[in-house]
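Hi,

Here is the model I promised to pass on. Have a look, and my notes follow underneath.

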Amino acid sequence: MNYKIEISNANLFYGGFQALYDINLNIEERRIMSFIGPSGCGKSTLLKCLNRMNDLVEGCKVEGEFLLDGEDIYRDVEVTTLRKRVGMVFQKSNLFPMSIYDNIAFGPRTHGIKKKAQLDEIVESCLKQAAIWDECKDRLKKSALGMSGGQQQRLCIARALAVKPEVILMDEPTSALDPISTQKVEELCKELKRKYTIVIVTHNMQQAMRIADSTAFFLHGRIEEVGPTERIFNNPKNVRTEEYIGGRFG
């Protein structure tokens, strides 16, 4: 089996508080893995470890091994290189106050691409991959902030794609969206896994069932159970997983 990410014996501390305990997890290449569990259980904390967003948190200490294609991301990979390879889409769209075009072109420009023809190609390609080209091809010079919430979130995905990542992390990307926009993002995720490895944090268990190939259930900073999504939801082996999925969690 081809693993894109391998996590071994990982612990995370915020000062004297331990947020993650002994995390061991393998994430397959070009598959969607969902992280589920109650609020504050460590899902987003682990997600942010995968592109070292937690480096920005004062007093945060990470232990263990995080491998991306066999390279330890905390020892062998520069942060700027890592964040090019591992993109992030947040719960709320965080578009720049600039045009649709410039939002997409920002990353490639940062990495040295200046030619307009090349940028034009990247913008069109990424907007098409994010299934939003037809909706915005005639307004590329208009402000991205004038788009609907669902369009903004898909534009954030397109922007993440612009630097040609290998992994896309998504932290509850549809929690603020209406059902139709949510469906579009979910369909997009299923299409994108042909090229990318996707890790998604979600509180929506139906969403995990619809799009994820595998699922990890978190509780109190630990992974209680991980496996194929269908098996996790239909035949959980852990009592706490069964209680959470069945809505009996307390």
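A residue counts as buried at under 20% relative accessible area, as exposed at over 50%, and as partly exposed in between (1.4 Å probe, protein chains only). On that basis, 50% of the protein's 250 residues are buried.

Before you dig in: this is a predicted model, where local features need pLDDT of at least 70 and side-chain atom pairs count only at pLDDT 80 or more, while totals for chains, interfaces and linings use all residues. Numbering starts from 1 along each chain as its sequence is written, and side-chain values use heavy atoms, with hydrogens and water left out.

The protein has 10 helices and 10 strands (DSSP runs numbered from the N terminus: H or I of at least four residues for helices, E of at least two for strands). Its radius of gyration, over C-alpha atoms, is 18 Å, close to the 18 Å from the globule rule (2.2 Å times the number of residues to the power 0.38) for 250 residues, so the protein is as compact as a globular protein of that length. The C-alpha trace spans about 55 × 40 × 35 Å along the principal axes.

One helix pair to look at: helix 4 (residues 116–129) packs on helix 6 (residues 149–161) at about 130°, axes 8 Å apart (lines fitted to C-alpha atoms over the stretch in contact; angles run from 0 to 180 degrees between N-to-C directions). That makes helix 4 oblique to helix 6 (not under 35 degrees, over 145, or 65 to 115). Where do they touch? Cys126, Leu127 and Gln129 of helix 4 meet Leu155, Ala158 and Leu161 of helix 6 (heavy atoms within 4.5 Å).

Cheers
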